[in-house]
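Please read these points beside the coordinates. They are ordered by topic, starting with charges and ending with totals.

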Amino acid sequence: MRETVSWLTWLAQIPPQSDVPADAATAPPAGPGGFGTWQCLLPAAAGLMLMYLMMAAKPRQADAQKSREQMSSLKKNDKVITAGGIFGIVVQASSDSEYVTIRIDETNNTRIKILKSSIGKVIAEDTTEKDKEA
């Protein structure tokens, strides 16, 4: 009588035929044509980063241009806020000078001379009128 051998037992009896060591079999394929996971994701990530930078840079450029225009067109009686948070009114400003004199106290007529670049914001007359109405 012939014995019935299951196919799993038969596979277990076959010796391995590989000439490659066991460590090399688990290593990722090497060579010029093989791309790993990170190498495939790198161009997509770079493209997304470039799109973000292009979209985020446009509003910043517009704000910087507006700020430069405001600083170059400073005139007497403009209300300003410095980068340090000091409120004042422009007393003396010229387009060729890098300094501006502002009055910070109306009762004592206290004035300080500051750099134009230290002015953080020019307060529009529209906002002061709205504040008065409210």
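1. Asp-78 forms a salt bridge with Lys-75, with 3.4 Å between the closest N and O atoms. A salt bridge here is a side-chain nitrogen of Lys or Arg within 4 Å of a carboxyl oxygen of Asp or Glu. The structure holds 1 salt bridge. Its acidic partner, Asp-78, is buried at a relative accessible area of 12%, whereas Lys-75 is exposed at 51%. The classes are buried under 20% relative accessible area, exposed over 50%, and partly exposed in between (1.4 Å probe, protein chains only).

2. On provenance: this is a predicted model, in which local features need pLDDT of at least 70 and side-chain atom pairs count only at pLDDT 80 or more, while totals for chains, interfaces and linings use all residues. Residues are numbered from 1 along each chain as its sequence is written, and side-chain values use heavy atoms, with hydrogens and water left out.

3. The protein has 4 helices and 5 strands. Along the sequence they follow the pattern α-α-α-β-β-β-β-β-α. Both element types are DSSP runs numbered from the N terminus: helices are H or I of at least four residues, strands E of at least two.

4. How are the strands ordered in the open sheet? The order is β4-β3-β2-β1-β5, and the pairing is antiparallel. At the edges are β4 (110-115) and β5 (119-123), each of which pairs on one side only. From one strand to the next the twist averages 40°. For such angles, axes are lines fitted to C-alpha atoms (for helices, over the stretch in contact), and the values run from 0 to 180 degrees between N-to-C directions. Two strands are taken as paired if DSSP finds at least two bridges between them. In general, strands of a sheet pair through backbone hydrogen bonds, either parallel or antiparallel.

5. Strand β2 (residues 87-93) is joined to β3 (residues 99-105) by 4 bridges, and the two run antiparallel. In this register Ile-89 has Arg-103 as its bridge partner in β3, and Val-90 has Ile-102. The two strands form a hairpin with 5 residues between them.

6. β3 also pairs with β4 in the antiparallel sense, over 6 bridges. Ile-102 has Ile-112 as its bridge partner in β4. This second hairpin has 4 residues between its strands.

7. Two asparagines deserve a look in a backbone check. Asn-109, in the loop between β3 and β4, has a positive phi of about 55° although it is not a glycine. Asn-77 lies in the loop between α3 and β1, and its phi, also positive, is near 75°. Most residues other than glycine have a negative phi, and most peptide bonds are trans. Asn-77 is partly exposed at 48% relative accessibility, as is Asn-109 at 39%.

8. Thr-82 is found in strand β1 (residues 79-82). Is Thr-82 buried or exposed? Thr-82 counts as buried because its relative accessibility is 8%. Leaving aside residues up to four places away in sequence, Thr-82 touches Ile-102, Ile-114, Ser-118, Ile-119 and Gly-120; contact means heavy atoms within 4.5 Å.

9. Ile-86 sits in the loop between β1 and β2 and counts as partly exposed, at 36% relative accessibility. With residues up to four places away not counted, Ile-86 touches Val-80, Ile-81, Ile-104 and Ile-112. Ile-86 and Ile-104 are 18 residues apart in sequence, with a C-alpha to C-alpha distance of 7.5 Å.

10. Met-49, Tyr-52 and Leu-53 form a nonpolar surface patch with about 370 Å² of accessible area together. Patches are made of residues with over 30% relative accessible area and no salt bridge; like charges are joined within 9 Å, and nonpolar side chains (Val, Leu, Ile, Met, Phe, Trp, Tyr) within 5 Å. Leu-53 belongs to helix α3 (residues 37-72) and is partly exposed, with a relative accessible area of 48%.

11. As for totals, buried residues make up 15% of the 134 residues in the protein. The protein exposes about 11600 Å², of which carbon and sulfur atoms supply 59%. Areas come from the Shrake-Rupley method with a 1.4 Å probe; for residues, only the protein chains shown count as cover. Among contacts between residues at least 6 apart in sequence, 29% join residues at least 24 apart.
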